[in-house]
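Okay, thanks for coming, everyone. I'd like to walk you through one structure today, so have a look at it while I talk.

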Amino acid sequence: MTEHLTPEQIASFEHDGYLIVPSAIDRDIIERLLEIAHSDPELEADSKYNQNYDDEGIDTRLVYRGGFSEDAYSAVGKSEWLVQPAANLWNDSVCHFYHLNTQKNPNTGGWQYHQDYGYHYREFLYPDFLSVMVALDPATKENGCLKVLKGSNHLGRLEHRQSGSQLIADEARVAFAVDAFEEVHCELAPGDALFFHGNILHASNANLSDTSRWAMIYAYVAAGNTCVLEEPPADLSDPIEPLSAGEVRHTVEAHAASMTAT
Ligand SMILES: O=C(O)CCC(=O)C(=O)O
C-alpha cells in the first residue's frame, strides 16, 4: 500500500497534472464501502440528478457532501492512504472541503471539460486544490471513466460559464487545448486513486455501457492556501490528522453494523 509518494510520483503529478496510485486503498475496504453505498438509505435520499448540459445530454447522478462526518465515506477521505499523498503533493498539510459519491449507472451522463479550480477560484487565492477519485467499480473507457488533458494544469485557470448545472471551461480555449494536449482516459481498478490538480482540464463521457461506474471524489485544499472570502467556507475542515488503516476499518465496520441494526 502506498502511504507516501516517491519524488518521481510527485514530479509526474507536477508535470502531467494527475497521478494514478494503483491499489491505494485496501480491497476489503473498497468492497465494504460499495456494499454500504448500495444499501445506504441516507445516500439514496441525498442522491440527485444533474443536467450538465445546456440542452441535450443524459443526466448525471451523484451525492454531494460538504465536510466530513463519522461515516465510512468520510473515514476513507481522512485515511492516510489519501491524506498523506495529498500532503506530499502540496508539501503541506491538507484540509477537506467536500466529497462526492458519483453513481454512474448505465445510461447516466457525463461532464463537460472544466477545471475544479474553475469553481473554487471563488474561495481560494491559489490553485493549490486537488481532487482524488477513488474507484469503487472498475472505471473504463466504455463506462465513462474520467478523461484528462495531460499537462493542461499549466494553462492556469480558464474562464468558466454555466452550462446546465455545471460550470464548463471556455469552449474556444478547450478546443485549442484538445489539440495541444494528449487526452488520457484514466481507467481505474477498484481501490485505485486518481489525484488530479485543480487546474487540469477533465471531463467524462456518458455511461452507455451496461456496467456501473461508482466512485468517490474527495476535494482537498492545501492548508497554506488563502481563502478570499470574509469567512472560510463552513465546510472547510482544519488540517486533517490522517486515520490509520485500523481506524478506517473500525469506522467502516461501525457504519455497516449501524445499517444492519436499523
Ligand atoms: O465523475 C465524473 O465523471 C466527473 C466528475 C468531475 O468532473 C468532478 O467532480 O469535477
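Let's begin with the open sheet of seven strands, which pair antiparallel in the order β1-β11-β6-β13-β4-β3-β2. At its edges you'll find β1 (18-21) and β2 (48-50), and each of those pairs on one side only. If you step from one strand to the next, the twist averages 25 degrees. And before I go on, keep in mind that this is a predicted model.

Now zoom in on two neighbours in that sheet. Strand β6, residues 129-135, runs antiparallel to β13, and seven bridges join them. To pick out one of these, Met-133 has Ile-217 in β13 as its bridge partner. Hang on to Ile-217, we'll see that residue again.

Next, the other sheet. This is an open one too, with four antiparallel strands in the order β5-β12-β7-β10. Why is one side of β5 and of β10 left without a neighbour in the sheet? Well, β5 (111-114) and β10 (183-185) stand at the edges and each has a single partner strand, so there's nothing in the sheet on the other side. On average, neighbouring strands here are turned by 20 degrees against each other, ignoring direction. Further in, β7, residues 146-149, is joined to β12 by three bridges, and the two run antiparallel. Leu-146, for example, has Ser-204 in β12 as its bridge partner.

So, on to the ligand. Which residues sit around it? They're Leu-100, Thr-102, Gly-110, Trp-111, Asp-116, Leu-146, His-202, Ser-204 and Ile-217. There's Ile-217 again, and the bridge partners Leu-146 and Ser-204 are both in the list. Two strands, β4 (94-104) and β12 (202-204), each supply at least two residues of this shell. By type, the shell divides into four nonpolar residues, four polar and one charged.

Last stop, the nonpolar core. The largest one has 68 residues, and the members touching the most others are Val-76, Ala-86, Val-132, Val-134, Leu-194 and Phe-195. Strand β13, residues 213-222, gives this core its largest share, nine residues.

Let's follow Ala-86. Leaving out residues up to four places away in sequence, Ala-86 touches Val-94, Leu-130, Val-132, Phe-195 and Tyr-220. Ala-86 is also one of the buried residues of helix α5, residues 80-90, along with Trp-81, Leu-82, Val-83, Pro-85, Ala-87 and Leu-89. Just after that helix, Asn-91 takes a positive phi of about 50 degrees.

That's my tour, thanks for listening!

Key:
Residues numbered from 1 in each chain as written. Predicted model: local features only at pLDDT ≥ 70, side-chain atom pairs only at ≥ 80, totals over all residues. Near = placed C-beta within 6 Å. Nonpolar A, V, L, I, M, F, W, Y, C, P; charged D, E, K, R; others polar. Buried ≥ 20, exposed ≤ 12 C-beta atoms within 10 Å, placed from the backbone. Core = buried A, V, L, I, M, F, W, Y, C linked by C-beta atoms within 7 Å. Contact = placed C-beta atoms within 7 Å. Pairing = 2+ DSSP bridges. Axes fitted to C-alpha atoms, helices over the stretch in contact; angles between N-to-C directions.
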